[in-house]
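Welcome to this short tour. Keep your viewer open and select each stop as we reach it.

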Amino acid sequence: MATSNIEDFEKGNAAFVEAFDQDTTGALAIPPQRKALVLACMDARLHPEKVLGLEIGDAHVVRNAGGRASADALRSIAISQRLLGTQEVVVIHHTDCGMLTFKDDDIRSKIRDELGDSAGDAADGIAFLPFSDLEASVKADIRIIKEAAIVDGDVPVHGFVYDVTTGRLNPVN
Ligand SMILES: [Zn+2]
């Protein structure tokens with residue numbers, strides 16, 4: 001049986017509930033107060049809220065492997081913009097990203113080897129969106145967001161590479 005953190009997570013939540021103090025006006029409204037959406041990599045060393053000085057209720061934070069402008073990220077951006085009033089997008093990729101370390105074929109064959117042929121067949125049809133150049137990947141995702149039919153083309157889209165060794169956000173122009 002796989003090990004699990006769930007007991008520790010439940011204890012962590014009990015402590016969180018004990019200290020919970022977020023029932024302030026505004027912070028509990030559904031639309032983000034700062035009218036911003038952040039698309040960031042899921043990397044455990046990157047805490048977008050802390051990196052950007054965001055508080056509860058401030059912004060939407062969409063995360064996936066790489067912080068890529070995948071179809072599902074675009075779905076979230078469209079909902080965020082049309083239904084919840086966000087007017088700015090911030091894309092954050094980061095140094096030492098795991099997405100720099102493999103190609104589609106690597107993960108496809110790993111899935112096939114470890115999970116079997118039907119899993120492998122499914123993986124063959126999926127673009128896992130790894131990349132080999134950080135600035136280029138940020139630029140590509142900015143372009144995808146700006147050109148997406150369901151996204152407002154007038155909304156500014158900013159790009160950054162986060163340096164995991166210094167905590168600094170370096171703009172990508
Ligand atoms: Zn990453």
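Is cysteine 41 buried or exposed? Select it and look: cysteine 41 is buried, because its relative accessible area is 4%, where buried means under 20% relative accessible area, exposed over 50% and partly exposed in between, with a 1.4 Å probe and protein chains only.

Before moving on, a word on what you are viewing. This is a predicted model, in which local features need pLDDT of at least 70 and side-chain atom pairs count only at pLDDT 80 or more, while totals for chains, interfaces and linings use all residues. Residues are numbered from 1 along each chain as its sequence is written, and side-chain values use heavy atoms, leaving out hydrogens and water.

**Stop one: the whole chain**

Zoom out and colour by secondary structure. You should find six helices and five strands, arranged along the sequence as α-β-α-β-α-β-α-α-α-β-β. Here helices (H or I, at least four residues) and strands (E, at least two) are DSSP runs, numbered from the N terminus. The C-alpha atoms fill a box of roughly 50 × 45 × 35 Å along the principal axes. Of the 173 residues in the chain, 35% are buried. Among contacts (heavy atoms within 4.5 Å) with a separation of 6 or more, 68% join residues 24 or more positions apart.

**Stop two: the zinc ion**

Now select the zinc ion. Which atoms coordinate the zinc ion? They are SG of Cys41, NE2 of His94 and SG of Cys97, at 2.0 to 2.3 Å. Along the chain, these donors follow the spacing C-x52-H-x2-C. Donors are N, O and S atoms within 2.8 Å of the metal (3.2 Å for Na, K and Ca), and since water is not among the atoms, sites may look incomplete.

Next, add Asp43 to your selection: the unreviewed UniProt entry lists Cys41, Asp43, His94 and Cys97 under "binding site". These four span 57 residues in sequence, but no two of their C-alpha atoms are more than 8.6 Å apart, so they gather at one spot. UniProt positions are given in the numbering used here, with shortened feature names, and annotations may be inferred rather than shown by experiment.

**Stop three: the zinc-coordinating residues**

Return to cysteine 41, in strand S1 (residues 36-41). Leaving aside neighbours within four places in sequence, its contacts include Leu46, Arg63, Ile92, His94 and Cys97.

Histidine 94 counts as buried because its relative accessibility is 0%. Cysteine 97 is also buried, at 3%, and sits in the loop between strand S3 (89-94) and helix H4 (104-115). Not counting residues up to four places away in sequence, cysteine 97 touches Cys41, Gly66 and Phe131.

**Stop four: arginine 108**

Follow the chain into helix H4, where arginine 108 lies. Arginine 108 counts as buried because its relative accessible area is 18%. Show its partners too: beyond four places in sequence, arginine 108 touches Ala123, Asp124, Ile126, Ala127 and Phe128.

**Stop five: aspartate 58**

Where is aspartate 58 found? Look in the loop between helix H2 (48-52) and strand S2 (59-64). Aspartate 58 is buried, at 9% relative accessibility. Setting aside residues up to four places away in sequence, aspartate 58 touches Pro32, Gln33, Arg34, Lys35 and Gly53. To finish, draw a distance from its C-alpha to that of proline 31: the two residues are 27 apart in sequence and 8.5 Å apart in space.
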